[in-house]
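Dear colleague,

Please find the structure below, handed over for your consideration. My findings follow it.

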Amino acid sequence: MRLSRIIMALTIGLAVVAAPTAAGAAQPQPTPSPTGSPQPTPYPPQPPVLTVNPSTIYVGDTTTLSGFGFGPNEVVDITVTITPLAAGLPGQSTVRRSDGSTVAMAPVAYRAAAPTHFTVVTDGAGNFTTTYTPDTPGQYLFTAVGQTTGRTASATLTVLPRPQPSPSPTYHPTHKPWPPHGGKLPVTGDNLGTPLAVGGGLVGVGVVLMLAGLAWRRRARFGGSTR
């Protein structure tokens, strides 16, 4: 009897001690916070850009090519494609016809001595700048391709023939407008000999006639006095 009471008392004591522990374990535990700052979602890179400035030049002038958005310290291949100019573009060569009118000469084919392929290296930000000097007219297409990233960009350039000085117009009596100098041909040094010779001859004839007149008057005067 006494032993059963002791066992019961121990059981009740253990139940009283375990009740708070069980209640604490049943409560929800807070979620531990992650260590470090969250990483932002990466955005896709912007496409590269290739510019040409100025975009229209004459043969022999220099233009500047600028590339942006390639890989850092990347080798970029640049290919140049040249096509002939369309007929009638400003700055093309003209030929003067026999009637004085002019006609534009359309280029047919050109052989470009300027490089049609070259490479550049970008800086740490993926940009580059270089120059190009064409030596033949045409439409130029520059295509830049990054060897590492494979990024591609393109730009165009118009190269015009260098203007030639206009030839002096040839005067023809049936053409208008008339030449300058009031419609009269200018007198050059080679044409003064004939007027001077004619003038000198007339002066000589005048002197002879004057001397002959004086001699005739003197003879007539002395002849009249002797009678």
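Along strand E1 (residues 49-53), which side chains point to one face and which to the other? The model is a predicted one, and in it the side chains of E1 alternate: Leu50 and Val52 share a face and are buried, while Val49, Thr51 and Asn53 point to the other face and are not buried. This is in keeping with a general rule: in a regular strand, side chains alternate between the two faces of the sheet.

Strand E1 runs antiparallel to strand E3 (residues 63-68), and 5 bridges join the two. Within this pairing, valine 52 stands opposite leucine 65, and asparagine 53 stands opposite threonine 64.

The pairing belongs to an open sheet of 3 strands, ordered E1-E3-E8, with antiparallel pairing. E1 and E8 are the edge strands, each pairing on one side only. On average, neighbouring strands of the sheet are turned by 20° against each other, direction ignored.

Serine 66 lies in strand E3. Its relative accessible area is 12%, so serine 66 counts as buried, the cut-off being under 20%. Apart from its neighbours within four places in sequence, serine 66 is in contact with Val49, Leu50, Thr51, Phe128 and Thr129.

Alanine 125 sits in the loop between strand E7 (117-121) and strand E8 (128-132). With a relative accessible area of 54%, alanine 125 is exposed, because exposed means over 50%. The C-alpha atoms of alanine 125 and glutamate 74 are separated by 9.8 Å, and the two residues are 51 residues apart along the chain.

Yours sincerely

Key: Residues are numbered from 1 along each chain as its sequence is written. This is a predicted model: local features need pLDDT of at least 70, side-chain atom pairs count only at pLDDT 80 or more; totals for chains, interfaces and linings use all residues. Side-chain values use heavy atoms; hydrogens and water are left out. Helices (H or I, at least four residues) and strands (E, at least two) are DSSP runs, numbered from the N terminus. Buried means under 20% relative accessible area, exposed over 50%, partly exposed in between (1.4 Å probe, protein chains only). Two strands pair if DSSP finds at least two bridges between them. Contact means heavy atoms within 4.5 Å. Axes are lines fitted to C-alpha atoms, for helices over the stretch in contact, and angles run from 0 to 180 degrees between N-to-C directions.
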